[in-house]
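Me: I would like to understand how the descriptive words used for a protein model are justified, so please take me through the reasoning step by step.

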Amino acid sequence: MKLHLRSMFSNIFGKKDYLPDIQTTEYRLLNGFDNYFAPFDGNTYDDATVRTCIDAIAKNAAKLKPSHIRRQDGKVVKTNDSLDGLLATRPNEYMSTYDFIYKIVTQLYAYNNAFAYVKTDSNGNIIGIYPLDYGGIEVRNYQGQLYCRFDFFQAGQITVPYTDLIHLRRYYNRGDIFGEGNERALRSPLNILNTVKQALENAVKNCTKLRGYLKANGVMRPEDQQQTLDDFTSRFTAADKGTGVAIVDSKVDYHQLTSDIQTADHSQMAFAREDIYRYFGLSNEIITSSYNEEQWTAFYESVIEPLAIQMSQEFTAKLFTEREQGYGNEIIFQTNRLEYASLKSKVAMAQVLQQTGLLTVNEFREIFGFNALPDGDKRFVSLNYVDSKKQNTYQGVAGITNTDDPDADDPDTNNGTNNTGTEDDDE
């Protein structure tokens, strides 16, 4: 049996005839200095604090549920096509949807640029979306169109159209194409944090240094010195386990060495960490998963929701043609925010939402973690709500007009009654 070997490079890009590098030219940008980008993070991701911050964002962003919808006549129609299934379960053969979102968000916050390649078949159908981990990327020109040449550490190079790439970026300011890296912005906070950590490390090392010495009251042979030291150490260790008192005879005197070890206190360590937390828009409660409902809402609205909007817009632009977008096709990233609310808030909101028909039975059950029912797509509405213009008819009241009704002063719509004094009033 002949064994055929395939690499990840060929499995992702296939045999598609991409342009050789020799046919492309430099793509001239407005500023002309950011044609090339290397995802060098200055080892920031290797720092435990930075990695914890990125992980806190990525693992919560990975809870977002991507789906393909179509907006028609002001209504949202849920699709069940192959693209929706690909986004909801497995964007490619190497990773789940959770892993896919986690990876691109991690790359986004580690490098401030994240790329994913959209793979299509011969008919133009999307069959996979692959996050790209690369050594460098350069924007190129071919017949006036933007292309990207990727340099991979082991697999070589590939040049693909920018329209085939999902590109997410942060701190998109000075560059025309790429977001700015974290190196300069995080250099000072990381230096302060590393200095504090080194001070603590040195303090621990100093604790194991010489604490005292024995002075012999006379001449002592080297082997006797070692034996005296061993005896003293043994007695001191035994005393440490018991009374904390050691005994020495007149042959030696013990002299204790004291050192003033200066270490960073808790406030200094907290300041160094919080400076990095603020850079990523986080709080200590989010990092330690000890947040309350208000803190989670603030984190969601300031970090996760903008990220969901950014991904929705970029995925929509790169996965659909302009014609398809014109028919209302869209990719959205959403989550049930009530899942993270307190039980008290869930009960209060569910009571209102269900009575007004905004929630189906299954959506109501989902809030509280119950399984869906086969007939759970029904909506129930409280009869206590009625059109304000029809409330008199609904309540069976005649002769009373609604002041909000624009026809209230029309005698033809007041059933022949009015609010002025008549003979009927006297009766």
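**Reasoning from values to words**

Reply: We can begin with a sheet in this predicted model: it is an open sheet of 3 strands, ordered E6-E5-E10, with antiparallel pairing.

Me: What makes E6 and E10 the edge strands?

Reply: Strand E6 (126–131) and strand E10 (165–169) each pair on one side only, and that is what marks them as the edge strands. From one strand to the next, the twist averages 20 degrees.

Me: How do you know that E5 and E10 are paired?

Reply: Two strands count as paired if there are at least two bridges between them, and strand E5 (residues 113–120) is joined to E10 by 5 bridges, so the condition is met. The two strands run antiparallel, and within E10 it is Leu165 that stands opposite Tyr117. Helix H4 packs on this sheet, where it touches E5, E6 and E10, and its direction makes about 145 degrees with that of E5. Helix H9 also lies across E5, E6 and E10, running at about 160 degrees to E10.

Me: Why is H4 called roughly perpendicular to H9?

Reply: The axes of helix H4 (residues 97–111) and helix H9 (residues 293–319) cross at roughly 105 degrees, and they come within 13 Å. Angles of 65 to 115 degrees count as roughly perpendicular, and therefore H4 is given that description relative to H9.

Me: Which residues meet where H4 and H9 are in contact?

Reply: From H4 come Phe100, Ile101, Ile104, Val105, Leu108 and Tyr109, and they meet Val303, Leu307, Gln310, Met311 and Phe315 in H9. The residues of this contact divide into 10 nonpolar, 1 polar and no charged.

Me: Why does Glu314 count as buried?

Reply: Glu314, which lies in helix H9, has a relative accessibility of 16%, and because buried means under 20%, Glu314 counts as buried. Among residues more than four places away in sequence, Glu314 touches Leu165, Ile166, His167 and Leu168.

Me: What makes the pair of Glu314 and His167 a candidate for a polar contact by distance?

Reply: A polar atom of the Glu314 side chain lies 2.9 Å from the backbone nitrogen of His167, and the distance limit for a polar contact is 3.5 Å.

Me: How do you know that E3 and E13 are paired?

Reply: Strand E3 (residues 65–72) and E13 share 6 bridges in the antiparallel sense, and at least two are needed for pairing, so they qualify. One of the bridge partners is Phe333 in E13, which is matched with Pro66.

Technical notes. Residues numbered from 1 in each chain as written. Predicted model: local features only at pLDDT ≥ 70, side-chain atom pairs only at ≥ 80, totals over all residues. Heavy atoms only, no water. Axes fitted to C-alpha atoms, helices over the stretch in contact; angles between N-to-C directions. Helix = DSSP H or I, 4+ residues; strand = E, 2+ residues; numbered from the N terminus. Parallel < 35°, antiparallel > 145°, perpendicular 65-115°, else oblique. Contact = heavy atoms within 4.5 Å. Nonpolar A, V, L, I, M, F, W, Y, C, P; charged D, E, K, R; others polar. Buried < 20%, exposed > 50% of the residue type's maximum accessible area, 1.4 Å probe, protein only. Polar contact = N/O pair within 3.5 Å; in protein donor to acceptor, adjacent residues only side chain to side chain.
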